[in-house]
Amino acid sequence: MINRFIQYIVGLLFLSFGVSLTIVADVGAGAWDALNVGLSKSIGLTIGNWVIIVGILMMVVNALLVKRIEWLALAPVFIIGFLIDLWMLNVLSKVAFESTVGKYLLFIGGIFTIAVGVVIYLRAKFPANPIDNLMLSLQERFGISLMVGKTIGEVSALVLAFLLDGAIGVGTIIITFLMGPAIQLVTPVINALFNKTVEEKVTPV
C-alpha cells in the first residue's frame with residue numbers, strides 16, 4: 001500500500017509538472033488547461049482553482065457515463081490543483097523562452113511528462129483524475145482504446161475552450177492529437193520499468 005501511494009503521488013507530480021510546462025511554453029495550452037487558463041484570466045482565481053472546479057464538474061459527467069459517482073476522485077482533483085499552482089507560482093514563475101524552437105521543445109517535453117505521470121499514477125490503482133477518468137469511462141462504456149478515449153475528451157475540451165476564448169494556440173492542436181498516442185507510447189516503457197524493478201526486488205541474491 002505504501003509503495004502504491006508513493007507511486008500515485010509521483011505520478012501526480014509528473015502530471016502536474018508536465019501541465020505547467022505546457023502552459024509556460026506559451027504556444028497554446030492543452031484543451032483542458034486552455035479552458036482553465038481562460039477561466040482564470042476572465043473570471044479570476046488561480047489556474048489550480050479552476051482545475052479543481054472543472055474536475056468536480058467532470059465527476060458529474062463520468063457519473064452519467066458509468067452510472068456511478070467516484071467520490072474518491074476528489075483526491076487527485078485537489079492534489080493536482082494544488083501542485084499546478086505550486087509549480088506555476090513558485091517553481092516556473094520566471095521560466096520563459098524567447099526562441100520558438102525553445103518554446104516547442106519545452107512544450108513537447110511537457111506532453112511526454114504528462115503522459116508518464118498519467119501512466120504511473122494509474123498503475124497505483126488509486127482514484128483517477130476526473131479528466132483521465134473520462135478516458136477510462138469512455139473505454140468502459142463504448143469499448144474503445146485509451147488512446148481514442150483520451151482523444152475524444154481532448155477534442156471536447158478544445159471545443160469548450162474555443163467557445164470560452166481560452167488560451168488556444170498551435171500547441172493546443174498538437175497536444176489534442178498527440179496526448180493519446182504519447183500515453184500509448186510510454187505505457188509499455190513504464191510498465192516494463194516497474195516490472196523490472198519488482199523482479200529485482202524479489203530475485204534472491
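**Figure 1. The whole protein in a predicted model, considered by its overall size.** With 205 residues, a compact globule would be expected to have a radius of gyration near 17 Å, and the protein has 17 Å, which agrees. The model shown here and in the views that follow is a predicted one. Along its principal axes, the C-alpha trace of the protein spans about 55 × 45 × 30 Å. The protein contains eight helices and zero strands, and the order of its elements from the N terminus on is α-α-α-α-α-α-α-α. Of the 205 residues, 47% count as buried, and the protein exposes about 10600 Å², of which carbon and sulfur atoms supply 71%. Among the contacts in the protein with a separation of 6 or more, 76% are made by residues 24 or more positions apart. There are 12 positive and 11 negative side chains in the protein, and the centres of these two sets lie 6 Å apart.

**Figure 2. Gln-7 in helix H1 and the residues around Gln-7****.** Helix H1 covers residues 2-24, and Gln-7 lies within this helix. Because its relative accessibility is 14%, which is under the 20% limit, Gln-7 counts as buried. When its neighbours within four places in sequence are left aside, Gln-7 is in contact with Ile-120, Tyr-121, Arg-123, Ala-124 and Phe-194. Two of these partners, Ile-120 and Tyr-121, fall within the stretch of residues 100-123 that forms helix H5.

**Figure 3. The loop between H1 and H2, with Asp-26****.** Asp-26 has its place in the loop that joins H1 and H2. With a relative accessible area of 55%, Asp-26 is exposed. Most residues other than glycine have a negative phi. Asp-26, although it is not a glycine, has a positive phi of about 60°.

**Figure 4. Asn-36 in helix H2, and Leu-45 in the loop that comes between H2 and H3****.** Helix H2 is made of residues 31-43, and Asn-36 is one of them. At a relative accessibility of 3%, Asn-36 counts as buried. Leaving aside residues within four places in sequence, the contacts of Asn-36 are with Ile-47, Trp-50, Val-51 and Val-54. Leu-45 is found in the loop between H2 and helix H3, which covers residues 47-66. At 51% relative accessibility, Leu-45 counts as exposed, whereas Asn-36 is buried. The phi of Leu-45 is near 70°, which is a positive value in a residue other than glycine.

**Figure 5. Arg-68 in the loop between H3 and H4****.** Arg-68 lies in the loop that runs between H3 and helix H4, the latter formed by residues 74-91. Its relative accessible area is 38%, and Arg-68 is therefore partly exposed. Not counting residues up to four places away in sequence, Arg-68 touches Asn-62, Ala-63 and Glu-140. Arg-68 and Ile-47 are 21 residues apart in sequence, and their C-alpha atoms are 28 Å apart in space.

**Figure 6. Helix H5, with Tyr-104 and the residue Lys-125 that comes after the helix****.** At 1.5 Å a residue, the 24 residues of helix H5 (residues 100-123) should span 34 Å, and the end C-alpha atoms of the helix are 35 Å apart, which agrees. Tyr-104 is found in this helix, and at 26% relative accessibility Tyr-104 counts as partly exposed. Not counting residues up to four places away in sequence, Tyr-104 touches Val-27, Val-170 and Ile-174. Val-51 is 53 residues away from Tyr-104 along the chain, and the C-alpha atoms of these two residues are separated by 23 Å. Just after H5, Lys-125 takes a positive phi of about 60°.

**Figure 7. Helix H7, its buried residues, and Asp-165 after the helix****.** Helix H7, made of residues 146-163, has 18 residues and reaches 26 Å from its first C-alpha to its last, close to the 26 Å expected at 1.5 Å a residue. The buried residues of H7 include Gly-149, Lys-150, Thr-151 and Gly-153. Further along the helix, Glu-154, Ala-157, Leu-158 and Ala-161 are buried as well. H7 is followed by Asp-165, whose phi is positive and near 60°.

Methods:
Residues numbered from 1 in each chain as written. Predicted model: local features only at pLDDT ≥ 70, side-chain atom pairs only at ≥ 80, totals over all residues. Heavy atoms only, no water. Helix = DSSP H or I, 4+ residues; strand = E, 2+ residues; numbered from the N terminus. Rg over C-alpha atoms; globule rule 2.2 N^0.38 Å. Buried < 20%, exposed > 50% of the residue type's maximum accessible area, 1.4 Å probe, protein only. Contact = heavy atoms within 4.5 Å. Areas by Shrake-Rupley, 256 points an atom, 1.4 Å probe, with all protein chains shown as cover. Lys, Arg positive; Asp, Glu negative; His and termini not counted. Charge placed at Lys NZ, Arg CZ, Asp CG, Glu CD. Expected span 1.5 Å × (residues − 1).
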